[in-house]
Amino acid sequence: MPIYEYLCPQCNGRFQKLVYGFRDPEELACPRCGATEVRRAISRVAVLKSEESRIEALADPSMLAGLDENDPRSIARWAKKLGKELGEEAGDDWDAMVDEMLEEELQRKEKGEEEGVDGEGEEESSVSKKSSVGPDDLGWA
């Protein structure tokens, strides 16, 4: 009994349905808006990679595509992508560490702009200062 994901073009809803067999149920409808014109979506899958294939992926030039070394958010996205490729070797707290470094860099730049400096002023303490807004969502959930 597979679990299929469906998309509703009317309300842009996404839902899952346990299906007996491999055909869509006859009375399939979106639970959010009740539309019957839903379509099956392609579900995400997990792929295990060997260490060799992970190293090859890191050496791929496309790994650096869209990287702007002057944009802290761009560097954070790249670092999170790197952490995903490294897998367990990066550690469980990799994304949290990247978020903390991004926040510190953004605070440092903001402080530099307030003081009229271009962000090259004194280094802040390595202690994280959490903002009231929270870290940016960089799309790496």
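This passage describes the strands of a predicted model and the sheet that they form. Residues are numbered from 1 along each chain as its sequence is written, and side-chain values use heavy atoms, with hydrogens and water left out. In this predicted model, local features need pLDDT of at least 70 and side-chain atom pairs count only at pLDDT 80 or more, whereas totals for chains, interfaces and linings use all residues.

The model contains an open sheet of 3 strands in the order E2-E1-E3, with antiparallel pairing; strands are DSSP runs (E, at least two residues) numbered from the N terminus, and two of them pair if DSSP finds at least two bridges between them. Strand E2 (14-18) and strand E3 (39-41) stand at the edges with a single partner strand each, so one side of each is left without a neighbour in the sheet. On average, and with direction ignored, neighbouring strands of this sheet are turned by 45° against each other, the axes being lines fitted to C-alpha atoms.

Strand E1, which spans residues 3-7, is joined to E2 by 5 bridges, and the two run antiparallel. Within this pairing, Tyr4 has Lys17 of E2 as its bridge partner, while Tyr6 stands opposite Phe15. The two strands form a hairpin with 6 residues between them, and Asn12 in the turn has a positive phi of about 60°.

Strand E1 is also joined to E3, by 3 bridges and again in an antiparallel manner, and here the bridge partner of Tyr6 is Arg40. Strand E1 is mostly covered, as 4 of its 5 residues are buried, that is, under 20% relative accessible area with a 1.4 Å probe and protein chains only.

Methods. Axes fitted to C-alpha atoms, helices over the stretch in contact; angles between N-to-C directions. Buried < 20%, exposed > 50% of the residue type's maximum accessible area, 1.4 Å probe, protein only.
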